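Dear colleague,

Here is the structure that I wanted to pass on to you, with the sequence alongside. My notes on what was found follow directly below.

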Amino acid sequence: MSGLDPAIEQRLRRTDDGLVAAVVQERSTGEVLMLAWMDAEALGRTLATGRATYWSRSRQEYWVKGETSGHVQAVHEVRLDCDGDALLVIVDQTGPACHTGTHSCFDPSRALDVKGP
């Protein structure tokens, strides 16, 4: 039992392993910070506590962002996309969001060259 409102849970379109992509955006700047995964339990915990909770596919466990690092994400809003298969999690980020120590996992130094029209 996830604790998530059944009306919300019914709207989720999950991957085969029960997950929904969660795009995390910084509230003050609009910058995309990271991509993580949530299941109904993680989403329910996030909505109930205001602390970003995700499912770790590699460790097969829940993790609260900042619980060990102190790099907390205070959640202000969660939006479900039109298809129900992605979430936008709008946060106030304390410290780096990326496990590499950068503010965003999508750091400009990792930009790929695009050969435009």
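Met 38 is buried, with a relative accessible area of 1%, and it belongs to strand β2, which covers residues 32-38. Please keep in mind throughout that this is a predicted model. Leaving aside residues up to four places away in sequence, Met 38 touches Gly 18, Leu 19, Val 20, Ala 22, Leu 43, Thr 46, Thr 53, Tyr 54, Leu 87 and Val 89. One of these partners, Gly 18, is 20 residues from Met 38 along the chain, and the C-alpha atoms of the two are separated by 8.4 Å.

Gly 18 itself sits in the loop between α1 (6-11) and β1 (20-26). With residues up to four places away in sequence again left out, Gly 18 touches Met 38 and Asp 39. For another pair that includes this glycine, Gly 18 and Val 78, the separation is 60 residues in sequence and 18 Å in space, taken from C-alpha to C-alpha.

Next comes helix α2, which spans residues 40-49 and contains Gly 44. This glycine counts as buried, because its relative accessibility of 9% falls under the 20% cut-off. The C-alpha atoms of Gly 44 and Glu 9 are separated by 9.1 Å, although the two residues lie 35 apart along the chain.

The aromatic side chains deserve a paragraph of their own, since the count comes to 2 aromatic pairs. In one pair, the rings of Tyr 54 and Trp 63 have centres 5.0 Å apart and planes at 50°, so this pair is tilted. Tyr 54, which is also among the residues touched by Met 38, is buried at a relative accessible area of 0%, whereas Trp 63 is partly exposed at 23%. The other pair is formed by Trp 55 and Tyr 62, whose ring centres lie 4.8 Å apart; their planes stand at 70°, so the pair is edge-to-face. Here Trp 55 counts as buried, with 18% relative accessibility, while Tyr 62, with 27%, counts as partly exposed.

What is the sign of phi at Gln 60, a residue other than glycine? The value is positive, with phi near 55°. For context, most residues other than glycine have a negative phi. Gln 60 lies in the loop between β3 (53-56) and β4 (61-64), and at 53% relative accessibility it counts as exposed.

Turning to the chain as a whole, its secondary structure comprises 2 helices and 6 strands, which follow one another from the N terminus in the order α-β-β-α-β-β-β-β. The radius of gyration is 15 Å, close to the 13 Å that the globule rule gives for 117 residues, so the chain is as compact as a globular protein of that length. Along the principal axes, the C-alpha atoms fill a box of roughly 45 × 40 × 30 Å.

As for burial, 35% of the 117 residues count as buried. The chain exposes about 7,200 Å², and carbon and sulfur atoms supply 51% of that area. If one takes the contacts between residues at least 6 apart in sequence, 41% of them join residues at least 24 apart. Finally, where charge is concerned, the chain has 12 positive and 17 negative side chains, and the centres of these two sets lie 2 Å apart.

With best regards

Key. Residues are numbered from 1 along each chain as its sequence is written. This is a predicted model: local features need pLDDT of at least 70, side-chain atom pairs count only at pLDDT 80 or more; totals for chains, interfaces and linings use all residues. Side-chain values use heavy atoms; hydrogens and water are left out. Helices (H or I, at least four residues) and strands (E, at least two) are DSSP runs, numbered from the N terminus. The radius of gyration is taken over C-alpha atoms; the globule rule is 2.2 Å times the number of residues to the power 0.38. Buried means under 20% relative accessible area, exposed over 50%, partly exposed in between (1.4 Å probe, protein chains only). Contact means heavy atoms within 4.5 Å. Accessible areas come from the Shrake-Rupley method with a 1.4 Å probe; for residues, only the protein chains shown count as cover. Lys and Arg count as positive and Asp and Glu as negative; His and the chain ends are not counted. The place of a charge is taken as NZ of Lys, CZ of Arg, CG of Asp or CD of Glu. Rings of Phe, Tyr and Trp (its six-membered ring) pair if their centres lie within 6.5 Å; planes under 30 degrees apart count as stacked, over 60 as edge-to-face and the rest as tilted.
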